[in-house]
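Please open the structure in your viewer and keep the selection panel at hand. The tour below proceeds stop by stop, naming what to select and what is found there.

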Amino acid sequence: MISGAGLSGPAEVRRSPDGDLPAALRIRHLDVTFTNRRGEIPAVRGLDLDIAAGEVLALLGESGSGKSVTARAVMGLLDHPGVRVRADEVRVAGTDLNGLHPDRIRALRGETMALVFQDALSALNPVLSIGDQLGEVFRIHRGLSRRAARAEAAELLRLVGIPAPDRRVRDYPHQFSGGMRQRILIAMAVALGPRLLIADEPTTALDVTVQAQILELVDRLRAELGMGVLLITHDLGVAAEIADRVAVMYAGRIVETGTVTEVLDGPAHPYTAALLRSVPDLEQPGDLLRPIPGSPPNLLALPTGCAFHPRCDRATQRCPADRPERRPLAAPGRSAACHYAEETVDAAV
Ligand code: ADP
Ligand code: MG
């Protein structure tokens with residue numbers, strides 16, 4: 001148990017009347033629009049997302065599809081001019097952030113929801129020891145003395161698997177390897193026992209072995225702390241490794257959801273199918289990679305109907321004319337926004 005580290009155990013978490021934990025994240029109809037000289041950029045459009053407590057959802061999609069913007073919107077980090085964030089509901093562990101005062105949202109950051117970025121070196125302060133940086137969280141949020149905060153910091157380093165934590169709390173960021181720094185960022189994110197951890201490409205800068213260790217760490221913390229995890233990645237291998245469910249994003253919309261096995265073994269959206277064909281298959285090393293034809297859409301001039309239709313090998317006349325809503329498919333929790341979802345699944349298996 002990681003008691004003492006300020007980590008509220010599941011018993012302290014607010015429960016719904018039937019005793020179930022509230023969903024870690026529930027988003028309904030999130031829109032994020034940037035306005036600049038070139039016009040309005042609809043980066044996220046009508047996004048719905050659900051993550052249960054203790055569940056890992058991988059948000060997949062090419063660069064520019066709106067994954068990071070979604071994360072920043074949830075964290076309340078888009079509160080500045082030139083950005084419009086609108087939603088019917090953004091509920092984190094039962095609390096609706098919609099319309100909440102920025103001060104209240106700031107208070108929830110760290111306590112209830114936390115974000116881990118890709119680049120650990122720029123996220124850490126180079127002139128503060130790790131113990132002071134981690135300890136600061138406990139001094140500010142828990143009112144601990146410097147000495148007590150440092151002891152908690154060492155406990156956190158132990159939790160995330162850093163050897164000799166009592167000694168290493170005195171070290172500075174540059175004295176750690178990239179993988180160890182990423183562990184420290186994760187430690188900082190989980191310090192106060194958040195119910196939702198958002199990890200935005202947390203392993204992209206790391207080599208494959210270290211990447212696997214970090215994913216293992218995230219998975220262990222999810223199990224021990226019962227957090228929901230939104231894992232943002234463009235790497236299908238990473239998704240397959242630890243996610244329970246997958247949501248695929250294209251041009252600001254979720255185009256497909258399902259369990260990892262469902263989506264990776266039998267994609268229902270032609271975009272997902274194309275994404276899968278564009279990465280190496282470890283089981284068939286001789287296979288030719290087929291990059292997705294065309295280029296990602298220009299958000300300032302989105303194609304009519306289904307935004308993927310100009311790149312889609314299954315598109316018919318219907319696709320530019322009639323935008324497919326995301327709709328449920330046979331299995332629970334499985335959905336796709338394609339007129340030809342059933343045919344696409346059949347073609348895959
Ligand atoms: P990714 O899926 O790669 O994380 P992002 O969520 O970062 O993509 O960005 C989605 C789109 O939102 C980008 O393609 C860009 O057009 C737009 N965008 C993001 N940040 C800004 C910004 N600060 N100003 C204008 N447009 C932005
Ligand atoms: Mg991103």
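Where is the place of His339? His339 sits in the loop between β13 (335-336) and α13. The model under study is a predicted one.

**Stop 1: His339 and its contacts**

Select His339 and display its side chain. His339 counts as buried, at 14% relative accessibility. Now add Arg318: the side chains of His339 and Arg318 are joined by a polar contact of 3.3 Å. Next, show the backbone of Asp322, whose oxygen is reached by the side chain of His339 at 2.7 Å.

**Stop 2: Glu343 in helix α13**

Continue along the chain to helix α13, which spans residues 341-348 and contains Glu343. Is Glu343 buried or partly exposed? With a relative accessible area of 38%, Glu343 is partly exposed, because buried residues have to be under 20%. To gain a sense of scale, select Ala212 as well: the C-alpha atoms of Glu343 and Ala212 are separated by 35 Å, and the two residues are 131 residues apart along the chain.

**Stop 3: the aromatic rings around Tyr250**

How many aromatic pairs does a search of the whole structure find? The search finds three. Begin with Tyr250 and Tyr271, which form a tilted pair, with 4.5 Å from centre to centre and 55 degrees between the planes. Tyr250 belongs to strand β10 (residues 245-250) and Tyr271 to helix α11 (residues 270-277), so this pair ties together parts that are 21 residues apart in sequence. Tyr250 is buried, with a relative accessible area of 4%, and Tyr271 is buried as well, at 0% relative accessibility.

Keep Tyr250 selected and add Phe308. Tyr250 and Phe308 form an edge-to-face pair, 5.1 Å centre to centre and with 80 degrees between the planes. Phe308 lies in the loop between α11 and α12 (318-321), whereas Tyr250 is in strand β10, so the pair ties together parts that are 58 residues apart in sequence. Both Tyr250 and Phe308 are buried. With the three residues displayed together, one sees that ring pairs link Tyr250, Tyr271 and Phe308 into a cluster.

**Stop 4: two residues with positive phi**

Select Ala251, in the loop between β10 and β11 (253-259). Most residues other than glycine have a negative phi. Ala251, although not a glycine, has a positive phi of about 50 degrees. Ala251 counts as buried, at 2% relative accessibility.

Then move to His29 in strand β1 (residues 25-36). The phi of His29 is also positive, near 50 degrees, in a residue other than glycine. His29 counts as partly exposed, at 38% relative accessibility.

**Stop 5: ligand 1 and its shell**

Centre the view on ligand 1. Which residues surround ligand 1? They are Phe34, Ile41, Ala43, Glu62, Ser63, Gly64, Ser65, Gly66, Lys67, Ser68, Val69 and Leu299. The shell around ligand 1 divides into five nonpolar, five polar and two charged residues.

Show the backbone atoms next. A polar backbone atom of Ser65 is 3.2 Å from an oxygen atom of ligand 1. For Gly66, a polar backbone atom is 3.0 Å from an oxygen atom of the ligand. A backbone N or O atom of Val69 lies 2.8 Å from an oxygen atom of ligand 1. Taken alone, ligand 1 exposes 560 Å², and the protein buries 63% of that area. Two or more residues of the shell come from β2 (39-51) and from α1 (67-74). With three residues, α1 gives the most to the shell.

**Stop 6: helix α1 and what follows**

Colour α1 separately. Six of the eight residues of α1 are buried, and the helix is mostly covered. The buried residues in α1 are Lys67, Val69, Thr70, Ala71, Ala73 and Val74. After α1 comes Gly76, with a positive phi near 70 degrees.

**Stop 7: a charge over a ring**

For the last selection, display Arg168 and Phe176 together. Where does Arg168 lie in relation to Phe176? Arg168 lies over the face of Phe176, at 4.0 Å from the ring centre.

Definitions and conventions. Residues numbered from 1 in each chain as written. Chains lettered and ligands numbered in written order. Heavy atoms only, no water. Phe/Tyr/Trp six-rings, centres within 6.5 Å; stacked < 30°, edge-to-face > 60°. Helix = DSSP H or I, 4+ residues; strand = E, 2+ residues; numbered from the N terminus. Buried < 20%, exposed > 50% of the residue type's maximum accessible area, 1.4 Å probe, protein only. Lys NZ or Arg CZ within 6 Å of the ring centre and 35° of its normal. Near = heavy atom within 4 Å. Polar contact = N/O pair within 3.5 Å; in protein donor to acceptor, adjacent residues only side chain to side chain. Areas by Shrake-Rupley, 256 points an atom, 1.4 Å probe, with all protein chains shown as cover. Nonpolar A, V, L, I, M, F, W, Y, C, P; charged D, E, K, R; others polar.
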